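This report looks at a disulfide, a residue beside it in sequence, and a group of aromatic side chains. Please keep the sequence and the structure in view while reading.

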Amino acid sequence: MRFWAALLTAMLMLSIGSLWVYSSYEDRVGSIGPVFLSPVEHQGNVTSLSTVTAHTPTSSLVEASCNGNGIVEVYDIITGAQVDRHAVYGHARYQFVLPREGDYLIINNGTEKVTCSFRFIKNYPTKEVQNAVYVSGSAFALLLALVVWRWVR
């Protein structure tokens, strides 16, 4: 019984410790830019585009500040899914979420030039990581309670 109690306590502490690790870098601020985004140009069968690639190790809240006229779009490089799209006329300041860790492509899909800077203002574990930590922590806590209850009885 002591072995199982010690094992389950260690696993529960591991789950709590992983949450503490995420909270230690939650407020680390990173930035990209200012970057110059040329508009997408189509000439016959040739499309030229100016891109910026961003990498984030976690899910992140990003604040964008852009000047110019255009449409700033953010795509997940792995899935090809569009994550964000904002029209910029003059100056725009907005926030969006990068939903998972990985690389993202930033383009200007408008007709004029745009200059943007991006600040990563909050970092979070991805939904999959949060779910795994919460489920495992809950399971270990319940099993530990069962072992202690049987031990005392």
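In which strand is Ser 65 found? Ser 65 sits in strand E5. The model is a predicted one.

## Ser 65 and its surroundings

Ser 65 has a relative accessible area of 17%. The cut-off for buried is under 20%, so Ser 65 counts as buried.

Which residues does Ser 65 touch, leaving aside those up to four places away in sequence? One part of the list is His 91, Ala 92 and Arg 93. The other part is Thr 115, Cys 116 and Ser 117. Cys 116 is also one end of a disulfide.

## The disulfide

How many disulfides does a search of the whole structure find? The search finds one. Its partners are Cys 66 and Cys 116, with an S to S distance of 2.1 Å. A disulfide is a covalent bond between the sulfur atoms of two cysteines. The link of Cys 66 and Cys 116 is right-handed, with 115° about the S-S bond.

Which parts of the chain does the pair tie together? Cys 66 belongs to strand E5, residues 59-76. Cys 116 belongs to strand E8, residues 114-124. The bond therefore ties together parts that are 50 residues apart in sequence. Are the two cysteines buried or exposed? Cys 66 and Cys 116 are both buried.

## The aromatic pairs

A pair of aromatic rings is described by the distance of the centres and the angle of the planes. The search of the whole structure finds two aromatic pairs. One of them is formed by Tyr 94 and Phe 96. Their rings lie 6.1 Å apart, centre to centre, with 35° between the planes. This pair is tilted.

Phe 96 also pairs with Phe 118. Why is this pair edge-to-face? The planes of Phe 96 and Phe 118 stand at 80°, and an angle over 60 degrees counts as edge-to-face. The ring centres are 6.4 Å apart. The pair links distant parts of the chain, 22 residues apart. Phe 96 is in strand E6, residues 82-98, and Phe 118 is in strand E8.

## The aromatic cluster

Which residues form one aromatic cluster? They are Tyr 94, Phe 96 and Phe 118. Tyr 94 is buried, at 8% relative accessibility. Phe 96 is buried as well, with a relative accessible area of 7%. Phe 118 is likewise buried.

Strand E8 holds Phe 118 of this cluster. Strand E8 also holds Cys 116 of the disulfide.

Notes:
Residues are numbered from 1 along each chain as its sequence is written. This is a predicted model: local features need pLDDT of at least 70, side-chain atom pairs count only at pLDDT 80 or more; totals for chains, interfaces and linings use all residues. Side-chain values use heavy atoms; hydrogens and water are left out. A disulfide is a pair of cysteine sulfur atoms within 2.5 Å. Helices (H or I, at least four residues) and strands (E, at least two) are DSSP runs, numbered from the N terminus. Buried means under 20% relative accessible area, exposed over 50%, partly exposed in between (1.4 Å probe, protein chains only). Contact means heavy atoms within 4.5 Å. Rings of Phe, Tyr and Trp (its six-membered ring) pair if their centres lie within 6.5 Å; planes under 30 degrees apart count as stacked, over 60 as edge-to-face and the rest as tilted.
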